[in-house]
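Let's take a walk through this structure, one sheet at a time. Have the sequence and the 3D view open as you read.

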Amino acid sequence: MGDVPSASTSTLYTLQDFELCAMAVDLETVHVEALPEGAFYISDFVTEDEEDWLVNKVLSAPQPRWTQLSHRRLQTWPSPLTNNNTLIAFPLPLWLESIIIPRLKDLGVFKDSPHQAPNHVLVNEYKPGQGIMPHEDGAAYYPLVATVSLGAPIVFDIYEKHGIEGPGTGAAETIRRPKPKYRILQERRSLLITRDKLYTDFLHGIAEVTRDEDLGPDFVCNWNLLREKAVYRGGWYERQTRISLTYRDVLHVTKMGNAMKFLGGR
Ligand SMILES: O=C(O)CCC(=O)C(=O)O
Ligand SMILES: [Fe+2]
């Protein structure tokens, strides 16, 4: 399990134990300048105690909440989208809402999105050697993702769309491991915001490796914004279990009653 605390051993804080501080950061000061528009990186978005509490909440979700995929597992809150990319209106659970959403509001992250706040969260867990193939998040969402990383650092790769060869069209190596155009190092407790062109014109993914390599100022776009550079002195980092909370605003939302009418064909 790396150093992600398990649900049973983690200190049991309640939400009241946290002094929830505001997030007084000017986004311009955390802009990742080496990337196309727009990425922002805050290395210290949640405290160690909050991280511990959030990880504990993720790991204590009932087993049916998890979808086991071949290279990671996933929770979808409040629920998966319908076949026509609609969200059935339902509040996010308090543990996903309470610490993070007020801070995103302080930063003004979702101020221009249709609901002025995220309404959907995917929770991904990656064990060493796991990842996610290059993909785009698509048109169901306002083009902005706010990702909170927990448990361990991981490298997030960004690809040019035309740089990805389809099966049978390129060299075998390109298909197996296309080369990222940019790399972002996401530390534990950090927030990464990706939006605009970076959302619409690029793909993103996480390599299925047991160690992230080439970690240094020449290869990591957000190097100057990292909290802790010394741990990458050797230029690599052994993967440990990493959890991401990815906040988005789903464009189409319907009330449960409307969705039932639709399903009933009336
Ligand atoms: O875990 C991450 O940081 C990325 C996850 C992702 O790309 C997704 O859920 O669409
Ligand atoms: Fe994604």
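## Starting from a hairpin

A good way in is the hairpin formed by β2 and β3, with 4 residues between the two strands. Keep in mind that this is a predicted model. β2 covers residues 66–68 and β3 covers residues 73–77; the two run antiparallel, joined by 3 bridges. To find the register, look at Thr67, whose bridge partner in β3 is Leu74.

Leu74 is worth a pause. This residue of strand β3 has 15 C-beta neighbours inside 10 Å, so it counts as partly exposed. Setting aside neighbours within four places in sequence, Leu74 is in contact with Trp66, Thr67, Leu69, Leu122, Val123 and Asn124. How far apart in space are Leu74 and Ser244, which are 170 residues apart in sequence? The C-alpha to C-alpha distance between Leu74 and Ser244 is 9.6 Å.

On to the next strand. β3 is joined by 5 bridges to β5, residues 120–126, and the two run antiparallel. Here Arg73 stands opposite Glu125 in β5.

Now zoom out to the sheet. β2, β3 and β5 belong to an open sheet of 7 strands, ordered β1-β10-β7-β14-β5-β3-β2, with antiparallel pairing. Which strands stand at the edges? They are β1 (39–42) and β2; each has a single partner strand, so one side of each is left without a neighbour in the sheet. From one strand to the next, the twist averages 20 degrees.

Further along that order, β7 and β14 run antiparallel with 5 bridges between them, and Val148 has Leu245 in β14 as its bridge partner. A helix comes in here: α1 packs on the sheet and touches β5, β7 and β14, its direction making about 100 degrees with that of β7.

Let's stay with α1 for a moment. The helix has 12 residues, 48–59, and at 1.5 Å a residue it should span 16 Å; its end C-alpha atoms are indeed 16 Å apart, so the two values agree. Which residues of α1 are buried? They are Glu50, Glu51, Trp53, Leu54, Val55, Asn56 and Val58. An α-helix has 3.6 residues a turn, so residues three or four places apart point the same way. The cover over the buried residues of α1 includes β5, β7 (144–150) and β14.

Back in the sheet, β7 also pairs with β10 in the antiparallel sense, over 5 bridges. Thr147 has Leu192 in β10 as its bridge partner. β10, residues 191–195, is mostly covered, with 5 of its 5 residues buried. What about its two faces? Leu191, Ile193 and Arg195 on one side of β10 and Leu192 and Thr194 on the other are all buried, so to speak, front and back. The sheet ends with β1, which is joined to β10 by 4 bridges and runs antiparallel to it; Ala39 has Thr194 in β10 as its bridge partner.

There is another sheet to visit. This open sheet of 4 strands has the order β6-β11-β8-β9, with antiparallel pairing. Its edge strands are β6 (132–135) and β9 (182–186), each pairing on one side only. On average, neighbouring strands of this sheet are turned by 20 degrees against each other, direction ignored. For a look at one pairing, take β8, residues 154–160: 5 bridges join it to β9, and the two run antiparallel. Asp157 stands opposite Arg183 in β9.

With both sheets in view, turn to the ligand. Which residues are around ligand 1? They are Leu122, Asn124, Ile132, Asp137, Thr147, Phe156, His204, Ser244 and Thr246. Two or more residues of this shell come from β5 and likewise from β14 (242–248). By type, the shell around ligand 1 divides into 3 nonpolar, 5 polar and 1 charged.

Finally, step back to the whole protein chain. It has 6 helices and 15 strands, and buried residues make up 35% of its 266 residues. Of the contacts with a separation of 6 or more, 83% are between residues 24 or more positions apart.

How values were computed. Residues are numbered from 1 along each chain as its sequence is written. Chains are lettered from A and ligands numbered from 1 in the order in which they are written. This is a predicted model: local features need pLDDT of at least 70, side-chain atom pairs count only at pLDDT 80 or more; totals for chains, interfaces and linings use all residues. Two strands pair if DSSP finds at least two bridges between them. A residue is near a molecule or strand if its C-beta atom, placed from the backbone, lies within 6 Å of it. Ala, Val, Leu, Ile, Met, Phe, Trp, Tyr, Cys and Pro count as nonpolar, Asp, Glu, Lys and Arg as charged, and the others, Gly among them, as polar. The expected span of a helix is 1.5 Å times one less than its number of residues. A residue is buried if 20 or more other C-beta atoms lie within 10 Å of its own, exposed if 12 or fewer, and partly exposed in between; C-beta atoms are placed from the backbone. Two residues are in contact if their C-beta atoms, placed from the backbone, lie within 7 Å. Axes are lines fitted to C-alpha atoms, for helices over the stretch in contact, and angles run from 0 to 180 degrees between N-to-C directions.
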